[in-house]
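This report is meant for a reader who is meeting the structure for the first time. Please keep the sequence and the 3D view at hand while reading.

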Amino acid sequence: MKEISVLSLICSCLYPETRKNILGDFEDLDIKPINKRASGQAFEVILKPSSPVSDTAHCITSPPKRDISLEDIQKKLEAAEDRRRSQEAQVLRALAEKREHERLVLLKAEEENSNFSRMAEEKLQLKMEQIEENRMAYLAAIMDRLQEKEKHAQEVRRNKELREELTA
């Protein structure tokens, strides 16, 4: 069979005088143009029947069928059953591994969560202790200032009383 390129086919649509030469060259094909349509040119491709010489070349004989015994069928069925069991065991093994992985992931997540909670609680406890220490130090500082003011006020009162006694 002679091959025709897409470009040649398109060119033959555009230039109908060259199309007649191209379309008539095929031995195994019969190409007939159909009436022009709105969408473009249409062709009908008809395959010619092959020659008797090529029939013998393409004939392939199938291998002779051998008789299948009951034992062969039983062996095949047992092999198929073994394959099915093996595949089933493999699937069950994969599922067990997946469950084990999920369990390990959950344990790890739970452990990380408890560690985070413990650390957060410790940080909060330290923060609360620091706040309490700062509060106590602040209150002690205020009490010291109040005592100093009170001492100063008593001194000022004493000095005032002494001045009044001296001037009186």
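## A first contact

Which side chain meets that of E81 in a salt bridge? In this predicted model, the partner is R85, and the N to O distance between the two side chains is 3.7 Å. E81 and R85 both belong to helix α4, where they stand four residues apart, or about one turn of the helix.

Are these two residues buried, exposed or something in between? E81 has a relative accessibility of 28% and therefore counts as partly exposed, since that class lies between the limit of under 20% for buried and that of over 50% for exposed. R85, with a relative accessible area of 49%, is likewise partly exposed.

## A second partner for R85

R85 also meets the side chain of D82 in a salt bridge, here with an N to O distance of 3.8 Å. Because D82 and R85 are three residues apart in helix α4, about one helical turn separates them. D82 is partly exposed as well, its relative accessible area being 46%.

## R84, E88 and the network

Another salt bridge links R84 with E88, and the closest N and O atoms of this pair are 2.9 Å apart. R84 and E88, too, are both found in helix α4, with a spacing of four residues that corresponds to about one turn of the helix. R84 is partly exposed at 38% relative accessibility, and E88 is partly exposed at 44%. Through salt bridges that share partners, E81, D82, R84, R85 and E88 are joined into one network.

How many salt bridges does a search of the whole structure find? The search finds five, and those described above include the bridge between E81 and R85, the bridge between D82 and R85, and the bridge between R84 and E88.

## A nonpolar patch

Which residues form a nonpolar patch on the surface? The patch is made up of I68, L70, I73 and L77, which together have about 420 Å² of accessible area. One of its members, I73, is located in helix α4, the helix that covers residues 70-167. I73 has a relative accessibility of 39% and so counts as partly exposed; this value fits its place in the patch, because patches are made of residues with over 30% relative accessible area and no salt bridge.

Key
Residues numbered from 1 in each chain as written. Predicted model: local features only at pLDDT ≥ 70, side-chain atom pairs only at ≥ 80, totals over all residues. Heavy atoms only, no water. Patch = residues over 30% accessible without salt bridge, like charges linked within 9 Å, V, L, I, M, F, W, Y side chains within 5 Å. Areas by Shrake-Rupley, 256 points an atom, 1.4 Å probe, with all protein chains shown as cover. Salt bridge = Lys/Arg side-chain N within 4 Å of Asp/Glu carboxyl O. Helix = DSSP H or I, 4+ residues; strand = E, 2+ residues; numbered from the N terminus. Buried < 20%, exposed > 50% of the residue type's maximum accessible area, 1.4 Å probe, protein only.
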